[in-house]
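Biologist: Could we go through this structure together, asking at each step how a label was earned? I would like to see the reasoning behind the words.

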Amino acid sequence: MVGLVFVSHSAKLAEGVKEIAEQMTQGKCMIAVAGGIDDPQNPFGTDPIKVKAAIESVYGKNGVLVIMDLGSALLSAEMALEFLDPEQAQNVKLCAAPLVEGAVAAAVQASIGANIADVMNEALNALRVKSEQLAQVNTMAPPLAPSRSPAVPLPGQEKIKLTLTILNRNGLHARPAANFVKAAGLFQANITVAKGTKIANAKSINQMTLLDAGQGDQIEVRASGPQARQATELLKVLAENKFNEKDEETAFVTLEKAAGLADTRENVQGAIAGIPVSAGIAVGPVAHYHSRFPEIKTRQSQDTQSEINKLQAAVSKAGKDLEQLRNQAAQKLGAIKAAIFDAQKMFLNDPALLDAVQDAILTQQCNAESAWQKSIDAMAKEYRKLTDPYLREQAVDLIDVGRRVLVHLIGRRLPTLELAQPAILFAKELTPSDTVQLSPDNVLAICTALGGQTSHSAIVAKALGIPTIVGLGEDILTWTENDIIALDGTQGLVWPHPTQSQLTEFQTRRERWQTQQQQAKALAQTPASTMGRNPKTIKVVANSDAHDTKTILDYGAEGVGLFRTEFLFLGRLQAPCEKEQLQTYTQMANIMQTRPLVIRTLDLGADKTVPYLNMAPENNPFLGLRGIRFCLAHIEIFKTQLRAILKASPGHNIKIMFPMISTPEEFCEAKAVLNEVKQELKSAGIPFDENMEVGLMIEVPSAVAVADQLAGRADFFSIGSNDLTQYIMGADRGNRKVNHLVNALNPAVLRMVAQTARAARKAGIWVGMCGELAANPLAAPVLIGLGLDELSMNAPNIPDVKNAIRHCTMHHAKKMAQTVLTLETAKQVEAYLKLNKEKSVK
């Protein structure tokens with residue numbers, strides 16, 4: 001029998017047509033429907049994945065006939081055919097018949113065993129009877145004049161394909177996948193993503209993660225609909241920017257490598273080897289944590305709508321829980337680590353997961369908690385099949401979300417982690433929400449039977465500073481409660497039966513470790529000054545692009561040397577208004593108090609584009625309309641940002657920095673716009689800091705060549721070593737074939753740094769650096785010796801750089817700087833720096 005698929009923008013309409021067809025054939029026909037899209041805010045549309053699934057559900061040797069309503073339904077059906085096995089696709093026909101009449105006619109013909117050609121012909125002629133009956137009425141009306149206008153594609157009929165390469169170190173895991181899904185959800189477009197034979201709905205975080213896309217893998221994005229082009233443009237930008245994920249957030253040893261490390265330490269003095277996650281020494285009693293949930297039983301429920309309502313209420317409550325947890329995590333760990341719970345919220349609202357649960361409730365007429373638990377278990381099982389170890393560990397996050405919803409469904413509370421005394425916590429596995437509630441005051445260390453170094457729970461434990469070892473095996477779950485044990489989190493070793501002498505040794509090591517931690521934390525908060533008779537204090541500040549001030553200040557940042565404002569403009573459908581920008585700048589300045597906050601004006605262009613400004617493609621975007629050039633070409637956006645910065649300035653230490661200045665004329669033009677905005681605020685009686693420093697970034701060779709002229713007009717320089725290096729070397733740092741040339745330790749780059757510093761010193765202005773070179777402790781003495789006054793970097797690098805500054809004298813730093821300028825290669829410079837470091841250690 002021929003299978004039938006009805007495709008409609010409306011799920012209710014598709015089901016209604018199916019109901020009519022089944023009544024006409026007494027249910028003797030194989031019919032599937034694909035109606036609407038999984039977006040509660042905008043449910044009308046068509047989804048190629050739904051169409052594909054519907055075709056597969058009724059597919060047989062006699063083929064399948066697909067009947068659609070209008071517009072993008074045809075595009076979705078055509079795209080679904082592309083996803084099918086080619087042999088299957090040959091047996092599927094798309095029919096131009098009207099949906100209702102064609103569906104009924106096709107169903108009747110299919111039910112009597114007709115072949116697909118006859119079924120399709122009957123559907124195409126379905127309107128003939130109606131036309132003949134209305135012929136007399138139609139002839140009474142005046143004939144319609146044919147249109148002479150050329151055919152114009154209907155809105156939403158554009159189909160776009162785009163191939164993206166995953167650059168993220170750990171692939172498309174939960175956090176970058178969440179950013180992908182968020183971006184896709186901004187647009188009225190049907191978007192699917194394919195990797196090999198796997199296909200995902202771009203608005204489903206679970207389907208996106210289960211693509212198992214690792215670093216270097218290519219995925220194909222297919223989009224159709226009114227905003228397909230804008231959607232793909234934004235997704236392209238996100239992919240190029242690693243979906244807003246920084247490498248330092250995921251710089252972990254893989255599970256396999258860590259397991260291999262454990263194998264080499266199995267018999268160390270009677271210790272048990274696991275996977276080291278967070279360094280530290282601990283001695284204390286064992287305290288077991290069992291996260292037990294009652295067994296969920298399946299029961300029949302005729303009132304399926306009541307079960308669906310109960311599910312929706314539980315999901316809503318769980319969402320509020322996660323919001324509170326995210327805020328708690330942001331306070332304790334900073335915004336970057338708290339983003340773990342943003343990703344969990346995407347799991348919670350995943351349309352693919354929610355649809356699966358609701359379908360189970362309706363088809364099986366079962367209770368919501370059973371349908372939810374089975375769906376979570378099934379999806380977690382799929383995660384554990386993935387080849388990438390980092391992606392496999394996302395199953396724990398899914399289970400964490402599942403339990404949070406489950407407790408609301410069954411009217412229970414999540415188990416709490418409360419210890420009667422300071423102890424070493426033992427568990428089979430901890431979820432992120434378990435871990436974030438722990439306190440280093442009560443939890444001396446963490447030991448788990450399962451888990452990997454890259455799990456989100458491990459990231460949270462490390463951020464909390466709790467010594468942690470995972471992957472110790474399930475035997476540890478049988479260890480006796482309150483037994484005293486010892487562990488070394490750095491090596492990943494646990495001593496289950498330490499001798500008295502070992503306990504004494506470990507207690508001494510723990511006290512020494514705690515003292516070192518306290519000293520390091522205190523030292524990080526102090527200024528970094530060189531040694532010797534004429535010490536120089538170097539300001540060490542942080543790069544930032546969000547309100548992650550908790551992490552910045554804890555690492556010892558003395559301010560913000562580069563506040564990137566692009567994050568306010570990316571990943572949205574319109575530019576932020578002045579009020580939103582003012583709120584962001586003021587909030588950051590309030591937390592910085594008297595510390596400097598250098599705000600870089602909008603640096604769009606090159607690899608950072610936004611869909612709402614219709615930024616035309618450029619043959620060479622890195623040499624195109626970017627940085628200050630973009631701002632001067634979009635004056636109103638530029639002036640709006642400048643007004644917000646100026647309004648935030650009273651009572652704060654805010655400085656303005658213009659990006660990618662190439663000539664003195666550009667800098668003067670930018671300052672003229674700034675002065676114009678200042679005059680407007682003065683006329684309106686709005687206060688601002690009239691003595692605010694205004695500087696520029698040195699990122700292109702031309703700026704170095706005229707640094708003496710620029711220094712006479714600016715209050716400070718900040719060298720952007722990343723861009724400066726690639727422009728000096730003429731090599732794209734993203735091109736694997738030439739990126740070996742992009743090394744900031746190349747003498748050509750260091751000579752440019754020296755020339756810039758000389759020009760600044762002669763003009764009496766300060767000069768800093770905010771690229772990756774500034775974060776290299778090995779290079780710190782040379783940069784000081786070249787004349788830099790400030791180094792700005794990602795916050796985790798601050799303690800090491802400060803330590804490097806404190807272990808050199810200005811005399812030695814200048815001598816090193818003179819030497820490296822005479823060397824010929826980056827390798828020679830690096831070898832020289834390493835040799836000097838070894839000498840200083842000895």
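Modeller: Let's start with Gln365, which sits in the loop between helix 15 (351-364) and helix 16 (368-384). Keep in mind that this is a predicted model.

Biologist: Why is Gln365 called partly exposed?

Modeller: Buried means under 20% relative accessible area and exposed means over 50%, with partly exposed in between. Gln365 has 30% relative accessibility, so it counts as partly exposed.

Biologist: And what makes the phi of Gln365 worth pointing out?

Modeller: Its phi is near 50 degrees, a positive value in a residue other than glycine. Asn482 is another case: its phi is positive, about 75 degrees, although Asn482 is not a glycine. You will find Asn482 in the loop between strand 14 and strand 15 (484-488).

Biologist: How do you know whether Asn482 is buried, partly exposed or exposed?

Modeller: The relative accessibility of Asn482 is 45%. That value falls between the cut-offs of 20% and 50%, so Asn482 counts as partly exposed.

Biologist: Why is Leu70 called exposed?

Modeller: The label needs over 50% relative accessible area. Leu70 has 55%, so it counts as exposed. Leu70 belongs to the loop between strand 3 (64-68) and helix 3 (72-83). From Leu70 to Thr46 there are 24 residues in sequence and 9.9 Å in space, C-alpha to C-alpha.

Biologist: What label does Ala339 get, and why?

Modeller: Ala339 has a relative accessible area of 22%, so it is partly exposed, given that buried would need a value under 20%. Ala339 is part of helix 14 (residues 335-348). Its C-alpha is 9.9 Å from that of Asn327, with the two positions 12 residues apart in sequence numbering.

Biologist: What makes you say that helix 18 is mostly covered?

Modeller: Of its 17 residues, 14 are buried. Each of those 14 therefore has under 20% relative accessible area.

Biologist: How do you know that the length of helix 18 is close to what is expected?

Modeller: Helix 18 (residues 394-410) reaches 25 Å from its first C-alpha to its last, and 24 Å is expected at 1.5 Å a residue. Just after this helix, Gly411 takes a positive phi of about 70 degrees.

Biologist: Let's turn to the interior. What makes a group of residues a nonpolar core?

Modeller: Its members are buried nonpolar residues joined through side-chain atoms within 4.5 Å. The largest such core has 98 residues, and Phe658, Phe717 and Leu791 touch the most other members. Helix 25 (residues 635-648) gives the most to this core, with 7 residues. Phe658 has contacts that include Ile628, Phe638, Leu642, Phe667 and Met697.

Biologist: Which residues belong to the second core?

Modeller: This separate core has 83 residues, among them Ala177, Ala189, Ile399 and Ile466. In soluble globular proteins, nonpolar side chains tend to be buried together.

Biologist: And what makes an empty space a cavity?

Modeller: A 1.4 Å probe fits there but cannot get out. A search of the whole structure finds 5 cavities of 30 Å³ or more. The largest has a volume of about 140 Å³. It is lined by 16 residues, and Leu430, Ser455, Ser457, Ala458 and Val470 lie nearest its centre. Strand 13 (443-448), helix 20 (456-464) and strand 14 (468-470) each give two or more residues to that lining. Helix 20 gives the most, with 3 residues.

Biologist: How many nonpolar, polar and charged residues are in the lining of the largest cavity?

Modeller: That lining has 7 nonpolar, 7 polar and 2 charged residues.

Biologist: What is the volume of the second largest cavity, and which residues are closest to its centre?

Modeller: Its volume is about 90 Å³. Of the 12 residues that line it, Ile37, Asp47, Asn190, Asn201 and Lys203 are the closest to its centre. Strand 6 (residues 190-195) gives the most to this lining, with 3 residues. By class, the lining of the second largest cavity has 4 nonpolar, 4 polar and 4 charged residues.

Biologist: To finish, how much of the whole protein chain counts as buried?

Modeller: Of its 842 residues, 52% count as buried. The chain has 34 helices and 25 strands.

Conventions:
Residues numbered from 1 in each chain as written. Predicted model: local features only at pLDDT ≥ 70, side-chain atom pairs only at ≥ 80, totals over all residues. Heavy atoms only, no water. 1 Å grid on protein atoms, 1.4 Å probe; cavity = no way out; pocket = protein on both sides within 12 Å on 5 of 7 lines; lining within 4 Å. Points joined across faces, edges and corners; volume = space filled by probe spheres on them. Helix = DSSP H or I, 4+ residues; strand = E, 2+ residues; numbered from the N terminus. Nonpolar A, V, L, I, M, F, W, Y, C, P; charged D, E, K, R; others polar. Expected span 1.5 Å × (residues − 1). Buried < 20%, exposed > 50% of the residue type's maximum accessible area, 1.4 Å probe, protein only. Contact = heavy atoms within 4.5 Å. Lists of a residue's contacts leave out its neighbours within four places in sequence.
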